[in-house]
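Ready for some practice in reading a protein model? Keep the structure open beside you and try each task before you look at its solution.

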Amino acid sequence: MEKRILKDENDRVDGIFKVTGKAKYFAEYALPGLTYGVLVTSTITKGKITTLNTKAAEKAPGVMAVLSHLNKPSAPGYEQDGGSPLKIFYTDKIFYNGQPIAMVVANTFERATYAASLVEATYTKEQFNTDFDKAVADAKAKKLQGQPDYKRGVEDAYKTAEVKIEEKYHLPIETHNPMELHGMIADWRPNNQLTVYAKTQGVKATQGTIANVFKIPNENIRVNSEFVGGGFGMALRTWPVEIATIMASKYLGKPVKLMLTRMQMFTMVGNRPAAIQTIGLGAKKDGTLTGITHLAFGETSVYENFTEGVVNMAKFMYQCDNVNTQYTVVPVDLGVPIWMRGPGEATGAFALESAIDEMAHALDMDPLEFRIKNDPERDQQRNLPFSDKNIKEAYRIGAQKIGWNERKNKPGSLIEGQWKTGYGVSIGVFNANRGRASVKGILKADGSLVLQSATSDIGPGTGTGMTLIASKLMNIPADRITFELGDSSLPPAPSQGGSATLSTVGSAVNDVCVALKSTIAELAANANMDATSNFVEVLKKNNLPSVEMTKQSQAGKEREAYSMYSFSIHFVKVKVHGLTGVVKVDKIVSVGDSGTIISPKTARSQMVGGAVGGVGMALTEESVIDHRYGRYINNNFADYHVPVNADIPEIEVHFINKPDPYINPMGAKGMGEIALIGFSAAVANAVFNATGKRIRNLPITPDKILAST
Amino acid sequence: MHSSDSKNNQGDSRRDFLKKSSLITAVALTPTIALKAAEGQADERFAELFERIPLNLMVNNQTYQASVEPRVTLLDYLREELHLTGTKKGCDHGQCGACTVHVDGERVNSCLSLAVMNEGKKITTIEGLANGNELHPMQAAFIKHDGFQCGYCTPGQIMSAVACVNEGHTNSRSEISEYMSGNICRCGAYPNIVDAIVEVSKGGNKI
């Protein structure tokens, strides 16, 4: 690695690699003898493979193998019962359309791609259903409890309230679509030694999954994932296609690279599940909430169950004595979903925060005032105080910055020509997690510090944040510190998910730095040096080239005494065109309340990115299926609309930036999820304020606005 | 799917014919080579020989002479043959911009260009943008304004941004946004990308 020069200590530590093209992502390791895998996928939605003709493909130039259920190498973990991942090449059953059924491996990508087109399959077909709405409505369809029912006080208290609303909210399937395509390079060597270059949010998790499937020791498996081109949740598990790549390498004794196509990103690596939610709210005429009911149906697959925290927020976000929730998952014949940024909480927040706005309107109250009036002092669900919560301050800052005083409570009041202006607000909240991680610190006599942990950076700036924590504690300039990650041989850390990395790994960085400092102080004392001596002098005096130590850090009993959350408030100003129904987001203000801000530049970017994702969720993103065939019909970037540059207005980000006194030594909480949670509701609420039209079915496309009365 | 890879037998028979005819021609012209080639996968080697097309191009001021299959995209050629992996693959359909390079100074989606279409052309990739260890002003501005998170779309964004400035499409933030909308950033760094371009384009000079 070349020397990094940081013009500003807040710049990303890996920025130089990313802007020069030197950052290497999984597919960019040129292993000698590398071969290329290309997948063949099912063309039916449900049934069984009857014949698979691979002869022509095998004869095609450059082809080394065609792998399928007919000839796969042994994966002993797949031979056992239990677990329900799609056991790739260990079944002839088809569970969804586009399921991988074979992999062609050739000596070039083009040859593998061509040969894959020569594989022919025949099937016996079965009846299927990919329509989630239909499955939910079908009384006979299978339905499973996704989370235990929750009840506090009187069930469905809203029904007898002075003022009540009851509404249904729909979310479509969304697809993560990180810019980097998924895949893996697998290099299986004799004696069951395996090296993989992966796209993963957790190198240790990937290592563990591979060890389980192939029944080889963890130590035999090295997972490298230094740079990850985005994940947003889809790289939180090891997918069947990765196992297939390893199988191919094991079979051939050569390194195999698989890179999915963009189309395959819709069917092989998860999605945000569709959801149908009903919210009932009851309030007194003075605006006191008296009942919250949140009932949710979430999509899952028939072969593997997926659940998430859709109904969590309703249980504690507002002061209310009567709350009940129910979360049911309903299988359809599609690939299994996975958490997508904000995960279930973002799904739930769209419904709840839209409903809160609807209730404020029913009460003829300012929705901000209504929220402040029902802001809880304690967490009623856990019956605990919040460790740190500054929502009222966040409301005040955000309202001032967006120009909330310009807003009229009566919808459709601000009209300029064909454009109607509206303002919306919503809240986001996510559990401030902290897990267990280890970090090794190596303090060198040349004045540098190396920190190592098997964590990941899918984009938030893990290395930058960790470096800033260490820099401040050790008083070492940021460009003299290197943080190594993305390698399973480093000290263990959990996967990067659930907004926990800064809190979890940062605490271990803190602890190892504190330990290194005390070691230096001891060494100084031994050498009769002043306790405050510079570590370089101390190491030299002791004839030590370096000192190193590893510390494990985890949360303690404080989590039993306090309820810990990160919060965000999103303010959105929109303009809606009267004739066309086009929504233009005019201005965004997001305020983060997530403890101390460690890395101001990357933290701001994370909030900006969440808002951009939120614009997509609110206005453009929907994975559309033709239910006659069970196939996605917009599985590409031309038809699945993620926001582009011109969709995004000015975004202002503000932070409360006060330490949470209990969460961890830094007082810092995660913000990857809260950046997006609730955002789509702020847009929906702004559209309502602009037009008087309430769209409860995402995305809010012009046709829905025009059709709404 | 590449159009040249369509699943019909025409391609196969054409290929078989090529194998046979080239073998005959080769035997007639150079018996010793043909005899040598006849050992092992002879017809395979001949097919490979005749299915490749010579290509001369200049990438980052370095000349390359190669022979490539006509179906190889410029993107795959850069990444897999030249190991210039700074140019990214995001969709292979010209829909995301991650593969943006400059061909004779203009921004091009390298996934939509076959390598052989670039005979004699001058290609600049992200690896060729800096002047030695000195970053191009756009690269420096992307770092300063944090115009990226995961970094995967970044090379394409920067190549596109340089072209955007040189095209003169930087008269307002909204014009920049419009002319940068062929480059998707899923992490959502758009406002920061615009900040970087605004800074570099001040003064109105080409870069």
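The exercises below walk through this predicted model, from confidence scores to strands, helices and contacts.

**Exercise 1. Confidence**

Task: Find the overall scores of the model, then decide which stretches of chain B have a pLDDT below 50.

Solution:
- Step 1. Start with the whole model, which scores ipTM 0.97 and pTM 0.95.
- Step 2. Turn to chain B: its mean pLDDT is 86, and 77% of its residues reach 70 or more.
- Step 3. Look for the weak stretches. Residues 1-11 of chain B have a pLDDT below 50, with eleven contacts in the model beyond near neighbours in sequence.
- Step 4. The pLDDT is also below 50 over residues 30-39 of chain B, a stretch that has six such contacts.
- Step 5. Draw the lesson: where pLDDT is low, predicted coordinates should not be read in detail.

**Exercise 2. The sheet of chain B**

Task: Work out the strand order of the five-stranded sheet in chain B and name its edge strands.

Solution:
- Step 1. Follow the strands across the sheet: the order is β2-β1-β5-β3-β4 of chain B, in an open sheet with mixed pairing.
- Step 2. Look for strands that pair on one side only; these edge strands are β2 (62-68) and β4 (106-109) of chain B.
- Step 3. Add the twist, which averages 40° from one strand to the next.
- Step 4. See what lies on the sheet. Helix α6(B) packs there and touches β3 (100-103) and β4 of chain B, and its direction makes about 40° with that of β3(B).

**Exercise 3. Parallel or antiparallel?**

Task: For three strand pairs of chain B, give the sense of pairing and one pair of facing residues.

Solution:
- Step 1. Begin with β1 (residues 53-59) and β5 (residues 122-124) of chain B, which run parallel and are joined by two bridges. B:Met58 has B:Lys122 of β5(B) as its bridge partner.
- Step 2. Next come β3(B) and β5(B), which pair in the antiparallel sense over two bridges. Here B:Val103 stands opposite B:Ile123 in β5(B).
- Step 3. Finish with β3(B) and β4(B), an antiparallel pair with four bridges. B:His102 stands opposite B:Arg107 in β4(B).
- Step 4. Check the turn of this last pair: the hairpin has two residues between the strands, and B:Asp104 takes a positive phi near 45°.

**Exercise 4. The sheet of chain A**

Task: Describe the seven-stranded sheet of chain A and the helices α6 and α7 that pack on it.

Solution:
- Step 1. Write down the order, β3-β5-β1-β12-β9-β10-β11 of chain A; this sheet is open, with mixed pairing.
- Step 2. Mark the edges, β3 (63-68) and β11 (221-224) of chain A.
- Step 3. Note that neighbouring strands are turned by 20° against each other on average, direction ignored.
- Step 4. Zoom in on β9 (residues 183-189) and β12 (residues 256-259) of chain A, which are antiparallel over four bridges. Within this pair, A:Met184 stands opposite A:Leu258 in β12(A).
- Step 5. Place helix α6 (residues 203-214) of chain A: it touches β10 (193-198) and β11 of chain A, at about 145° to the direction of β11(A).
- Step 6. Place helix α7 (residues 240-252) of chain A. Its contacts on the sheet include β1 (35-41), β5 (100-106) and β9 of chain A, and its direction makes about 30° with that of β9(A).

**Exercise 5. A helix against its expected span**

Task: Compare the span of helix α12 of chain A with the expected value.

Solution:
- Step 1. Count residues: α12(A), residues 501-526, has 26.
- Step 2. At 1.5 Å a residue, 38 Å is expected.
- Step 3. The helix reaches 37 Å from its first C-alpha to its last, close to that value.
- Step 4. Look just past the helix, where A:Asn528 takes a positive phi of about 55°.

**Exercise 6. Domains and chains in contact**

Task: Describe how domains 1 and 2 of chain A meet, then how chain B meets chain A.

Solution:
- Step 1. Locate the domains of chain A: domain 1 (31-44 + 46-126 + 176-268), domain 2 (275-433 + 560-707) and domain 3 (435-554).
- Step 2. The C-alpha centres of domains 1 and 2 of chain A lie 37 Å apart, and 20 residues of domain 1 are in contact with 22 residues of domain 2.
- Step 3. The domain 1 side of this contact has ten nonpolar, seven polar and three charged residues.
- Step 4. Between the chains, 54 residues of chain B and 53 residues of chain A take part.
- Step 5. On the chain B side, α8(B) gives the most, with five residues.
- Step 6. By class, that side of chain B has 25 nonpolar, 16 polar and 13 charged residues.

Technical notes
Residues are numbered from 1 along each chain as its sequence is written. Chains are lettered from A and ligands numbered from 1 in the order in which they are written. This is a predicted model: local features need pLDDT of at least 70, side-chain atom pairs count only at pLDDT 80 or more; totals for chains, interfaces and linings use all residues. Domain bounds come from an automatic or database domain assignment. Two residues are in contact if their C-beta atoms, placed from the backbone, lie within 7 Å. Ala, Val, Leu, Ile, Met, Phe, Trp, Tyr, Cys and Pro count as nonpolar, Asp, Glu, Lys and Arg as charged, and the others, Gly among them, as polar. pLDDT is the predictor's confidence in each residue, from 0 to 100. The expected span of a helix is 1.5 Å times one less than its number of residues. Two strands pair if DSSP finds at least two bridges between them. Axes are lines fitted to C-alpha atoms, for helices over the stretch in contact, and angles run from 0 to 180 degrees between N-to-C directions.
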